[in-house]
Amino acid sequence: MPDDVVTMDKIVSLCKRRGIIFPASEIYGGIANTYDYGHYGVLLKRNVVDAWWQAMIGDRDDIVALDSAIIQHPRTWEASGHLAGFTDPLVDCRTCGQRFRADHLDAEHDVRCPRKPSVLPGQGPDCNLTEAREFNLMFETTIGPVQEAGSTVYLRPETAQGIFLDFKTVLGFARRKPPFGIAQVGKSFRNEITPGNFIFRTLEFEQMEMEYFVPPDDAHRWYLHWLEARMDWYERLGIRGDHLRLRAHEQDELSHYSSATSDVEYLYPIGWQELEGIANRGNFDLTQHAQHSGEKLEYFDQQSGERYVPHVIEPAAGVGRATLALLCDAYDEDEIGGEARTVLKLHPQMAPVKVAVLPLVRKDGQPELAHEVRNLLRRRMQTEYDEGGSIGRRYRRQDEIGTPWCVTIDHQSLEDRTVTVRDRDTLTQDRVAIDELPDVLAGKLEAPWISPKLLVED
Ligand code: ATP
């Protein structure tokens, strides 16, 4: 496998240049580990989330959707263990005032002292680190107008707990029995202090989590099922198989309640890192919430007369990390006619814009026909119209955001109502009748696809 040209710096600068993703609060100098998504970023992220919903509730009958509150009753976090145990060990440097994760001070994490020489924290001549202290990652706020009189609540650090709190309600109306799942997508918040790698680790981030409730004896089988299903999902997004792996947690890495956990990892430019965690959580969460709330959280099978607390398999993914993996996997540079090109070779179904409609010139009736073509396509797929600049520059603009096809209207189009369809990856240009164009492009969108970067590597 030849070296990929992608680096995190190139991704950051492309995202900024094209308004895909950029630092938040920039007019005030930015805010740590927080980013905003612009137009193309929103479209890309939405494609990731839509693909997840499709896999969870479009392609299967055993999962239902939920959208629970971000601020839950504070006892939720007592029962879940987050209040006591959702902490990172931190050390401060008395010399430079920087704060570091005590468990990230090794060469593998490559966190650096901000002073010269650039060494690992604690190894510079002036480094003076404190003892490690546990630091809770939950953001705290208050309900009520007066801070002192209000009650302390927390922004959820994961969406999963809302699912457990609603288990009984959902079971009541969903007409499902184990094995069945509850899926949700939403923002979570963690007071992460480690300097992030772009959107890899942010203070607020979207999670796609599904809790799959199963009879206790079937838990391991379903754990294996979800490992495979989730790996397949990332490959279906077009991510190269040789850049994905499953890593099983060692015994000493496991949470106390989990009998098995594996991470789906992607080979980011910063190395292999977690995209998603898949855990066999046993009956820990339902049991804890039953104890703390006094509600029975179990399943009663009327046919067999059996009563049990289901076990839970949880695939928990991050929208931002999946989006970042797609960007890194798709990023490429090549040359067309001696000119350098940056291109995102995204799976067409993931591309923010599927087709750009471009009149060759801004006269002779071409823009009018181009608008007609755009209107023909816009209800079928995300389209964009662009008439500004030379055709080469417009192609390049679309390449940079990963648009798989450009439809060009030229003088011949006005004579015979045909257009050219230019392919982002092969650069071929085919003539297609306007009447057939929507079906031709819809067919291409549905066609099997593998990353062109793999074809080059072969
Ligand atoms: P890490 O070890 O990288 O901090 P984690 O094991 O704490 O992650 P989980 O609690 O398993 O993460 O959360 C599930 C998923 O949510 C992760 O696989 C990741 O995709 C996403 N995620 C977690 N924390 C963050 C964050 N701070 N920023 C962006 N995404 C995150």
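Helices (H or I, at least four residues) and strands (E, at least two) are taken here as DSSP runs, numbered from the N terminus. The model is a predicted one, in which local features need pLDDT of at least 70 and side-chain atom pairs count only at pLDDT 80 or more, while totals for chains, interfaces and linings use all residues. Residues are numbered from 1 along each chain as its sequence is written, and side-chain values use heavy atoms, with hydrogens and water left out.

**Exercise 1.** Determine which strands supply the shell around the ligand, and describe its polar contacts.

*Solution.* Start with the strands: E10 (204-214), E13 (271-282) and E16 (311-318) each supply at least two residues of the shell, and the largest share, four residues, comes from E13. Next, look for polar contacts (pairs of N or O atoms within 3.5 Å; within protein, one must be able to donate a hydrogen and the other to accept it, and residues adjacent in sequence count only if both atoms are side-chain atoms). A side-chain N or O atom of Glu274 lies 2.6 Å from an oxygen atom of the ligand, a polar backbone atom of Gly318 is 3.0 Å from a ligand oxygen atom, and a backbone N or O atom of Thr202 is 3.0 Å from a ligand nitrogen atom.

**Exercise 2.** Describe how helix H1 packs against helix H9.

*Solution.* Take the geometry to begin with: H1 (residues 8-17) and H9 (residues 319-330) pack at about 105°, their axes being 10 Å apart, where axes are lines fitted to C-alpha atoms, for helices over the stretch in contact, and angles run from 0 to 180 degrees between N-to-C directions. H1 is therefore roughly perpendicular to H9, a class that spans 65 to 115 degrees, with angles under 35 counted as roughly parallel, over 145 as roughly antiparallel and the rest as oblique. Then list the contact (heavy atoms within 4.5 Å): Met8, Ile11 and Cys15 of H1 meet Leu324, Leu327 and Cys328 of H9.
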